[in-house]
Amino acid sequence: LVFLNPATRAWETADVYLSGNVREKLKQARQAGEAFAHNAQRLEEVQPPDVLPGDIDAKLGAPWIPTADVAAFARELFGCNQDAIRIGHMVQDALWSVEADYAVERSVAATSDFGTSRIAGTKLLEQALNLQLPTIYDHFATPQGEERVLNQEETLAAREKQRLIKERFATWAFADPERSERLVRLYNDAFNNLRPRQFDGSHLDFPGMNETIRLQPHQQNAVWRIMSSPSTLLAHAVGAGKTFTMAAAGMKLKQAGLVHKPLYVVPNHMLEQFAREFQLLYPNAKLLVAGKEQLTKDRRKQLTARIASGDWDGIIVTHSSFERMAMSPDYQRRFVEEQIRDYERLITEVDHGGRNLLKHIEKQKAARENRLKDLLAEEKKDDGLLFDELGVDHVFIDEAHFFKNLETPTKMQRVAG
């Protein structure tokens, strides 16, 4: 029923220990010696079966394929030695670069076999690694300035050559037995290593809950999962009772002393209904329901004081109200400064990775430095509603899909954000 985890030296229940990254846990148990032989035996029983080469899609640009293997493929593809072509990979931003000597760029392989007269095969390889399709333009001088026009014929030819490169890599990756075995192990260790944990909330009781209401088993399991996990997505169907689940989870977390001030963020039109259902489930719950009238400029400070000073079982606000809760300027500055330090560290690490990677990192760093300047130049706005001063230590987001397309750094084309 319980296991001593050799990595953390903490006792864990079986459902916790025999789930998650069970491949890594098996490795740790074996390294810990004979005293943990029972751990290793039980972990061996729950290992996911290996995915074999026929079911693995080895694509150029996949982050689990080592840079050294991509470099070996490039040398074989263009028939050059080790120093003639260099592959760079910045893992944090998933960015690849290909730099080749002039002789390689002008070789038959790069200009004819796997490239065209308009775009070299080395460039097509770099674009494939970065999940980009080649597009060829013709440039014309006009009285209004230079104009570029899509050359469909050359673009189709370039994309056909890139397709050949991708197909060649897919067959090359598993052609050598030693490389195939190594890549299969890498893939399985990286992506086929998890065993889902089964959550059983049947043991829970719910003091203070309306005695005429009984939660369904899937709701009790979800409450236990929320209590046991750092974050949880309730991907339940409409009508499955997510409101009751969230309310019960928040109350259990507070009763257990795991959180002190949960915040519920709901769609604008759901504020009154959510509060009504919460109160129905827990008639004696102490709730603060913040409508838009509480967020007017002259009442924000009063709302902040009520949130910060009150012992609330739940604070319920709308999506639009939540968006008005800024982080403090000091917190935002620390956050951006930390990002700048990350990029400064990357600059020292990738000086061997090529000019393109360096330019990309410096551009990202400059954008954050400009953001920091803007933050420092902003006048302090004392509207009294700073999230990090409210004392909120847990957030429930209803209809979380509204938050899923936020800005994200990506090298892919035609991706929102």
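How many of the nine residues of helix α7 are buried? Keep that one in mind for a minute while I set the scene.

Hi everyone. What you have in front of you is a predicted model, so please listen to all of this with that in mind. The protein has 417 residues, and 42% of them are buried. Its secondary structure comes to 16 helices and 12 strands, so bear with me if I pick just a couple of spots.

Overall shape, then. The C-alpha trace spans about 80 × 70 × 40 Å along its principal axes. For the radius of gyration we get 28 Å, where a compact globule of 417 residues would have one near 22 Å. And if you take the contacts with a separation of 6 or more, 65% of them are between residues 24 or more positions apart.

Okay, back to α7, residues 121-129. The answer is eight of the nine, which makes this helix mostly covered. The buried ones are Gly121, Thr122, Leu124, Leu125, Glu126, Gln127, Ala128 and Leu129. Right after the helix, have a look at leucine 131, which takes a positive phi of about 60°.

So what does α7 meet in α8? On the α7 side you'll find Gly121, Leu124, Leu125, Gln127 and Ala128, and across from them in α8 are Ala158, Lys161, Gln162, Ile165 and Lys166. Sorted by type, the residues of this contact are five nonpolar, three polar and two charged. Notice that Gly121, Leu124, Leu125, Gln127 and Ala128 are also on the list of buried residues in α7.

Now, the geometry. People describe two packed helices by the angle between their axes and the distance between the axes. Here the axes of α7 and α8, with α8 running over residues 152-173, come within 10 Å and cross at roughly 70°. An angle of 65 to 115 degrees counts as roughly perpendicular, and therefore that's what we call α7 and α8. The crossing is right-handed.

One last stop, in another helix. Go to α11, residues 242-255, and find threonine 243. Is threonine 243 buried or exposed? Its relative accessibility is 12%, and buried means under 20%, so threonine 243 counts as buried. And which residues is threonine 243 in contact with, leaving aside its neighbours within four places in sequence? Those are Phe274 and Glu277.

That's my tour. Thanks, everyone!

Definitions and conventions: Residues are numbered from 1 along each chain as its sequence is written. This is a predicted model: local features need pLDDT of at least 70, side-chain atom pairs count only at pLDDT 80 or more; totals for chains, interfaces and linings use all residues. Side-chain values use heavy atoms; hydrogens and water are left out. Axes are lines fitted to C-alpha atoms, for helices over the stretch in contact, and angles run from 0 to 180 degrees between N-to-C directions. Helices (H or I, at least four residues) and strands (E, at least two) are DSSP runs, numbered from the N terminus. Angles under 35 degrees count as roughly parallel, over 145 as roughly antiparallel, 65 to 115 as roughly perpendicular and the rest as oblique. A crossing is left-handed if the near helix is turned anticlockwise from the far one by less than a right angle, and right-handed if clockwise. Contact means heavy atoms within 4.5 Å. Ala, Val, Leu, Ile, Met, Phe, Trp, Tyr, Cys and Pro count as nonpolar, Asp, Glu, Lys and Arg as charged, and the others, Gly among them, as polar. The radius of gyration is taken over C-alpha atoms; the globule rule is 2.2 Å times the number of residues to the power 0.38. Buried means under 20% relative accessible area, exposed over 50%, partly exposed in between (1.4 Å probe, protein chains only).
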